[in-house]
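Please open the model in your viewer and keep the selection tool at hand. The tour below moves from one selection to the next and says what is found at each stop.

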Amino acid sequence: MRLLDARTMTLETFRSEYEVPRYAILSHTWDLEEVTFDDLNGSDPSHLQGYGKIKEACRQTCRDGIHYLWVDTCCIDKRSSAELSETINSMFKWYQAATVCYAYLQDVEDPNIETFKQLSSDLNLTSEQEAQIQQSPFAKSRWWTRGWTLQELIAPSELIFYDKAFGRMGSKEELVRVISLVSGIDEAVLLHKTSLTDVCVATKMSWAAQRKTTRIEDMAYSLLGIFGIYMAMLYGEGDRAFIRLQEEIIKSTNDQSIFAWN
């Protein structure tokens with residue numbers, strides 16, 4: 001596993017999982033000029049648009065007393081197909097093992113989060129309150145529409161949301177009622193009170209139904225951890241990736257609800 005030293009913003013490689021130190025992990029949506037593995041090993045990447053969020057995430061990591069950070073844009077050498085495949089198959093586990101996950105919603109500038117915290121504490125939300133949540137900048141963030149962020153929402157035990165200025169909006173636990181409404185995922189699953197193995201296949205598929213990925217294959221690959229499946233990465237196979245995922249699910253479970261999913 002390769003991690004970014006949050007104090008020096010340099011990469012370090014840990015050959016054994018027993019060597020891996022405590023680390024934070026960044027969940028975000030990709031945009032223009034992301035900082036890659038090559039950028040960190042080449043010239044100064046500070047001019048790149050994506051550098052700012054990594055720098056802020058490093059600062060937050062240090063404030064939390066953690067020395068290392070994992071970021072998907074720069075901690076993976078994507079020139080190596082073997083490394084990319086291993087990373088994608090391990091990613092859900094890495095999010096689970098992180099001390100804390102920072103969910104950076106770069107398109108949220110005025111979250112009005114105190115109102116959200118109050119709504120999240122209400123036992124019964126009215127239809128007007130639900131509409132208020134769904135129309136909010138928080139709920140309309142691009143982060144909720146991406147395929148990869150589904151596992152990044154579910155896997156971590158400690159997940160904290162940050163706005164564009166890297167201001168803290170709240171934790172998954174603090175905002176769980178709002179998050180459940182926005183994502184369609186049961187609160188008990190979000191808080192790890194219900195295991196993913198106890199959730200039927202069709203329900204898990206429904207969580208991903210409105211999400212998108214840039215590469216067709218990634219819609220299947222982003223769900224591997226959700227279903228506990230390991231698969232080889234074959235970029236270029238297109239829709240065949242989802243067929244392979246379904247075949248692997250059928251092999252691993254007797255859950256017939258998969259046949260109700262189109």
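Begin by selecting the strands, which form an open sheet of seven with the order 2-1-4-3-5-6-7 and mixed pairing; here strands (E, at least two residues) and helices (H or I, at least four) are DSSP runs numbered from the N terminus, and two strands pair if DSSP finds at least two bridges between them. At the edges stand strand 2 and strand 7 (168–171), each with a single partner strand, so one side of each is left without a neighbour in the sheet. From one strand to the next the twist averages 30 degrees.

Before going further, note that this is a predicted model, in which local features need pLDDT of at least 70 and side-chain atom pairs count only at pLDDT 80 or more, whereas totals for chains, interfaces and linings use all residues. Residues are numbered from 1 along each chain as its sequence is written, and side-chain values use heavy atoms, with hydrogens and water left out.

**The hairpin at strands 1 and 2**

Select strand 1 (2–5) and strand 2 (10–13), with the loop between them. The two strands pair in the antiparallel sense over four bridges, and Leu3 stands opposite Glu12 in strand 2. Together strand 1 and strand 2 form a hairpin with four residues between them.

Which residue in the turn has a positive phi? It is Met9, with a phi of about 55 degrees although it is not a glycine. Most residues other than glycine have a negative phi. Met9 counts as buried at 18% relative accessibility, where buried means under 20% relative accessible area, exposed over 50% and partly exposed in between, computed with a 1.4 Å probe on protein chains only.

**The parallel strands**

Move next to strand 3 (residues 23–27) and strand 4 (residues 68–70), which run parallel and are joined by three bridges; Trp70 in strand 4 is the bridge partner of Ile25. Adding helix 2 (residues 51–63) to the selection shows a helix packed on the sheet, where it touches strand 1, strand 3, strand 4, strand 5 (100–104) and strand 6 (159–162), and its direction makes about 140 degrees with that of strand 4. Contact means heavy atoms within 4.5 Å, while axes are lines fitted to C-alpha atoms, for helices over the stretch in contact, and angles run from 0 to 180 degrees between N-to-C directions.

Strand 5 is the next selection. Strand 3 and strand 5 pair in the parallel sense over four bridges, with Tyr102 in strand 5 as the bridge partner of Leu26. Strand 5 and strand 6 also run parallel, joined by four bridges, and Tyr104 stands opposite Tyr162 in strand 6. Are the faces of strand 5 covered or uncovered? Both are covered, since Val100, Tyr102 and Tyr104 on one side and Cys101 and Ala103 on the other are all buried.

**Phe166**

Then pick Phe166, in the loop between strand 6 and strand 7, which counts as buried at 7% relative accessibility. Leaving aside residues up to four places away in sequence, Phe166 touches Lys53, Glu56, Ala57, Gln60 and Tyr104. Phe166 and Ala103 are 63 residues apart in sequence and 9.7 Å apart in space, C-alpha to C-alpha.

**Helices 5 and 7**

Now show helix 5 (residues 127–134) and helix 7 (residues 176–183), whose axes come within 10 Å and cross at roughly 75 degrees. Helix 5 and helix 7 are therefore roughly perpendicular to each other, a term that covers angles of 65 to 115 degrees. At their contact, Glu130, Ile133 and Gln134 in helix 5 meet Val178, Leu181 and Val182 in helix 7.

Seven of the eight residues of helix 7 are buried, so this helix is largely enclosed by the rest of the structure; among them are Val176, Arg177 and Ile179. Just after helix 7, Gly184 takes a positive phi of about 80 degrees.

**Last stops**

Continue to His192, in the loop between helix 8 (187–190) and helix 9 (201–208). His192 has a positive phi of about 65 degrees although it is not a glycine, and it is partly exposed, with a relative accessible area of 40%.

Finally, select residues 219–236, which an unreviewed UniProt entry lists as "transmembrane region"; such annotations may be inferred rather than shown by experiment. In the model, the end C-alpha atoms of residues 219–236 lie 13 Å apart, and the span is 39% helix and 0% strand.

Methods: Parallel < 35°, antiparallel > 145°, perpendicular 65-115°, else oblique.
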